[in-house]
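The exercises below are to be worked with the sequence and the coordinates at hand. Each task is followed by a solution in steps.

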Amino acid sequence: MTIHLRPIQPEDNQQIAAIIRATLEEFKANHPGTVYYDTTTDQLSDVFTFQASRYWIAMEGNQMLGGGGIFPTEGLPGDTCELVKLYLLPAARGKGIGKLLMEQCHAEAKALGFQKIYLETMPELTNAIPLYEKQGYTYLEGSLGNSGHFGCEVHMIKLL
């Protein structure tokens, strides 16, 4: 399996939004205060034109497997960005693709001058949390920044 990561394009919006929402439904995490109800989920290519933001789509041949990115979320310290919208199709999980996306995000965040990377998630996303732990994320007692995702109860951070 050859996986390649590429920047998001406008024609990816509908498919990546469907992957994100299907994943949240699968884990019964499709509740208010999450990206499930965030209208920007449908226009991610527009969101990631913001300075110091990046979003990559994981592809195998012509098949989209998922994606993930970084964003300088409002209210975060200047040396911190957020790992955002990292979701994969069920068939793509457990194959190192999430790790590959995270490594790309970490490298790009560091190249952009960030020293820390923050994330918000939900306890229902039981596949994701161990991956974050293995990648060196540690738990915070509360949220940082103003993501607007009040439905995310797990907050983690990593030094780059």
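**Exercise 1. Determine whether Tyr36 counts as buried or exposed, and describe its surroundings.**

Solution. The model is a predicted one.

Step 1. The cut-off for a buried residue is under 20% relative accessible area. Tyr36 has 17% relative accessibility and therefore counts as buried.

Step 2. Tyr36 is located in the loop between H1 and H2.

Step 3. Leaving aside residues up to four places away in sequence, Tyr36 touches Arg21, Leu24, Glu25 and Asn30.

Step 4. Tyr36 and Ala22 are separated by 14 residues in sequence, and their C-alpha atoms are 9.0 Å apart in space.

**Exercise 2. Check the span of helix H1 against expectation, and establish what its buried residues pack against.**

Solution.

Step 1. H1 has 14 residues; at 1.5 Å a residue it should span 20 Å. Its end C-alpha atoms are 20 Å apart, so the two values agree.

Step 2. The buried residues of H1 are Asn13, Ile16, Ala17, Ile19, Ile20, Arg21, Thr23 and Leu24.

Step 3. These buried residues pack against helix H2 (44–47) and against S2, S3 and S4.

Step 4. Just after H1, Lys28 adopts a positive phi of about 55 degrees.

**Exercise 3. Identify which residues touch the most other members of the largest nonpolar core, and which elements contribute to this core.**

Solution.

Step 1. The largest nonpolar core holds 45 residues, and Ile16, Leu24, Leu83 and Tyr132 touch the most other members.

Step 2. Two or more residues each come from helices H1 (13–26), H3 (97–111) and H4 (128–134), and from strands S2 (54–60), S3 (63–71), S4 (80–88), S5 (116–121) and S7 (154–159).

Step 3. S4 supplies the largest share, 6 residues.

Step 4. Take Leu83 as an example: beyond residues up to four places away in sequence, Leu83 touches Gly69, Met102, Cys105, Ile117, Tyr118, Leu119, Tyr132 and Tyr137.

**Exercise 4. Characterise the largest pocket by volume, lining and residue class.**

Solution.

Step 1. The volume of the largest pocket is about 770 Å³.

Step 2. Its lining consists of 39 residues, with Val84, Lys85, Leu86, Tyr87 and Tyr132 nearest the centre.

Step 3. S4, H3, S5 and H4 are the elements that give two or more residues to this lining. S4 gives the most, with 7 residues.

Step 4. Sorted by class, the lining has 18 nonpolar, 13 polar and 8 charged residues.

Notes
Residues numbered from 1 in each chain as written. Predicted model: local features only at pLDDT ≥ 70, side-chain atom pairs only at ≥ 80, totals over all residues. Heavy atoms only, no water. Core = buried A, V, L, I, M, F, W, Y, C linked by side-chain atoms within 4.5 Å. Buried < 20%, exposed > 50% of the residue type's maximum accessible area, 1.4 Å probe, protein only. Helix = DSSP H or I, 4+ residues; strand = E, 2+ residues; numbered from the N terminus. Contact = heavy atoms within 4.5 Å. Expected span 1.5 Å × (residues − 1). 1 Å grid on protein atoms, 1.4 Å probe; cavity = no way out; pocket = protein on both sides within 12 Å on 5 of 7 lines; lining within 4 Å. Points joined across faces, edges and corners; volume = space filled by probe spheres on them. Nonpolar A, V, L, I, M, F, W, Y, C, P; charged D, E, K, R; others polar.
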